[in-house]
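Welcome! Please take a moment to look over the structure below before reading on.

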Amino acid sequence: MKIRKTDENRVKIHFNKRNLFICVMFSVFSISFIWITSVIPEVMRYPRQITGFLAIVFFSLSVIFFFKLFTSEIRRELYRRTTSIFSYVSLKLRTSLEKALKIFGITSISAHIRKDERDIIFENSSRRKKRQGKSYSPKKYTDLENNRERIRYIWSVYILQRKTKDNIPRIYDTPSEMMKRFSQMSEDENFLYDSYLSARYTPEKTEICSDTVNKHYKFVSGGKKI
């Protein structure tokens with residue numbers, strides 16, 4: 001799978017020109033005073049101290065304006081790009097590892113790990129796989145052990161229901177990107193997304209009440225079994 005060069009979620013990064021200019025100028029001053037300090041003879045104690053102090057001041061100012069360049073929007077976009085690349089690379093490494101294990105006759109690592117929402121979304125759920133010589137069907141909703149797993153399962157079904165031929169989930173998509181492309185951001189959808197984030201990212205001890213799960217189940221299933 002190749003990462004598309006045209007990503008509709010990609011946002012161009014534009015730094016504030018004023019802050020960028022100031023950051024560069026302070027950096028130049030800092031480097032200049034560091035160099036001046038290094039060439040001043042040690043016997044000239046006070047001039048060296050003054051230039052050294054100025055070098056520290058300008059360096060501190062350059063650091064301050066450097067961080068000012070990264071606004072919340074830029075940080076969000078950098079995080080999105082980083083997680084997208086990480087997800088893509090992780091998938092490729094896992095695929096390559098499983099192929100290598102298969103060559104040596106070693107059981108695939110995917111047979112030993114619990115399926116999460118990404119497996120449900122990106123694998124054909126109707127395909128039967130083999131484990132220890134016996135075929136088995138993918139885990140169903142009724143097999144899930146706790147409300148955290150149920151919420152994550154419901155969210156994956158929600159995403160699958162909304163994919164089309166021209167709009168399908170990509171392996172490097174983050175959950176927020178999937179929500180932007182597959183939802184109308186209604187009250188029920190926002191509630192489901194918040195519950196999903198809670199189920200996925202909060203500590204294991206965080207409880208999710210059954211009423212919440214039942215409400216999401218009814219919303220996604222439409223009265224049918226999922």
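Here is a short tour, from the overall layout to the cores, one helix and a patch on the surface.

Please keep in mind that this is a predicted model. The protein is built from eight helices and two strands. Along the sequence they come in the order α-α-α-α-β-β-α-α-α-α.

**The whole protein**
- Of the 226 residues in the protein, 30% are buried.
- The accessible surface amounts to about 16,000 Å², and carbon and sulfur atoms account for 60% of it.
- If you take the contacts between residues at least 6 apart in sequence, 64% of them join residues at least 24 apart.

**The nonpolar cores**
- In soluble globular proteins, nonpolar side chains tend to be buried together.
- Here, the largest nonpolar core has 20 residues, and Tyr141, Ile154, Trp155 and Tyr158 are those with the most contacts inside it.
- Four elements each give two or more residues to this core: α5 (147-162), α6 (175-182), α7 (187-201) and α8 (210-221).
- The helix that gives the most is α5, with seven residues.
- Which residues does Ile154 touch, leaving aside those up to four places away in sequence? They are Tyr141, Leu192, Val213, His216, Tyr217, Val220 and Ile226.
- Another core, of seven residues, lies apart from the largest one, and its members include Ile22, Phe26, Ala55 and Phe58.

**Helix α2**
- Helix α2 covers residues 45-68, and its 24 residues should span 34 Å at 1.5 Å a residue.
- Its end C-alpha atoms are 35 Å apart, which agrees with that expectation.
- The buried residues of α2 are Thr51, Ala55, Phe58, Ser62 and Phe65.
- An α-helix has 3.6 residues a turn, so residues three or four places apart point the same way.
- Helix α1 is part of what covers the buried residues of α2.
- Two of the buried α2 residues, Ala55 and Phe58, are also among the members of the seven-residue core.

**A nonpolar patch on the surface**
- Not every nonpolar side chain is hidden: Phe15, Leu20, Phe21, Val24, Met25, Val28 and Phe29 make a nonpolar surface patch of about 580 Å².
- One of these patch residues, Leu20, lies in helix α1, which runs through residues 17-39.
- Is Leu20 buried or partly exposed? Leu20 counts as partly exposed, because its relative accessibility is 36%, while buried means under 20% and exposed means over 50%.

Key: Residues numbered from 1 in each chain as written. Predicted model: local features only at pLDDT ≥ 70, side-chain atom pairs only at ≥ 80, totals over all residues. Heavy atoms only, no water. Patch = residues over 30% accessible without salt bridge, like charges linked within 9 Å, V, L, I, M, F, W, Y side chains within 5 Å. Areas by Shrake-Rupley, 256 points an atom, 1.4 Å probe, with all protein chains shown as cover. Salt bridge = Lys/Arg side-chain N within 4 Å of Asp/Glu carboxyl O. Buried < 20%, exposed > 50% of the residue type's maximum accessible area, 1.4 Å probe, protein only. Core = buried A, V, L, I, M, F, W, Y, C linked by side-chain atoms within 4.5 Å. Contact = heavy atoms within 4.5 Å. Expected span 1.5 Å × (residues − 1).
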